[in-house]
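Q: I have a structure in front of me and would like to learn how to read it. Where should I begin?

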Amino acid sequence: MKKLITLAAGVLLTSTAFANTVTINKTTNLSTAEYTTKAAAIDAAFDITEQLSGNSQSELRNEFRIVTENSVRNIAILDTEVKTEEFARTRDDVKYRAIVNVNYQFDTRDND
C-alpha cells in the first residue's frame, strides 16, 4: 500500500512539474446601443472602458467569455480603442453606435 501511495504521489508531482504557465493575448469587440448623436455613442463607449477597468477578475472572465480547461489568472486589459459606426435603417434616420476594441491577456496552464 505504501508503494502505491508513493507511486501515485510521484506521478502527481511529475505531471505538475510539466504544467507550465502560459500567457494568452486576445482581442474582443464590445458595442454600445444605438444613439442619435456620435458624441452620445462615444460617451457610452468610454463608460464601458471605465467599467471594465473596475471589474473583478471573475467579472472580466465572464465579460470576455474566457473558457479553458485550466484555471485562469491575472486577467489584464492591455489597451482599448473606441470607434464609431454610423448606420441608417431608413433614409432619414441616421444612428450611431460605438465599438470598443479591447486587447487583454490572461495566464493559464499549458499541460503539454
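**Reading a helix and its surroundings**

A: Begin with one side of one helix: in this predicted model, the face of α2 turned away from its buried side carries the exposed residues Glu50, Ser53 and Gly54.

Q: Which residues of α2 are buried?

A: Buried here means under 20% relative accessible area. In α2 these residues are Ala41, Ala44, Ala45, Ile48, Thr49 and Leu52. They cover an arc of only 145° around the axis, so they sit on the same side of α2.

Q: Why do residues three or four places apart point the same way?

A: An α-helix has 3.6 residues a turn, which is why such residues point the same way.

Q: What covers the buried residues of α2?

A: The cover includes strands β1, β2 (72–88) and β3 (94–110), together with helix α3 (57–63).

Q: What span should the 17 residues of α2 have?

A: Helix α2 runs over residues 38–54, and at 1.5 Å a residue it should span 24 Å. Its end C-alpha atoms are 25 Å apart, which agrees.

Q: Which residues is Thr28 in contact with, leaving aside its neighbours within four places in sequence?

A: Thr28, in strand β1 (residues 20–31), is in contact with Phe64, Val100, Asn101, Val102 and Tyr104. Thr28 and Glu63 are 35 residues apart in sequence, while their C-alpha atoms are 9.9 Å apart in space.

Q: Which element has the lowest mean pLDDT, and which the highest?

A: Where pLDDT is low, the predicted coordinates should not be read in detail. Helix α1 (residues 2–17) has the lowest mean, 54, and α2 the highest, 96. For the protein the mean is 86, and 81% of its residues reach 70 or more.

Notes:
Residues are numbered from 1 along each chain as its sequence is written. This is a predicted model: local features need pLDDT of at least 70, side-chain atom pairs count only at pLDDT 80 or more; totals for chains, interfaces and linings use all residues. Side-chain values use heavy atoms; hydrogens and water are left out. Helices (H or I, at least four residues) and strands (E, at least two) are DSSP runs, numbered from the N terminus. Contact means heavy atoms within 4.5 Å. The expected span of a helix is 1.5 Å times one less than its number of residues. Buried means under 20% relative accessible area, exposed over 50%, partly exposed in between (1.4 Å probe, protein chains only). The arc is that of the directions from the helix axis to the C-beta atoms. pLDDT is the predictor's confidence in each residue, from 0 to 100.
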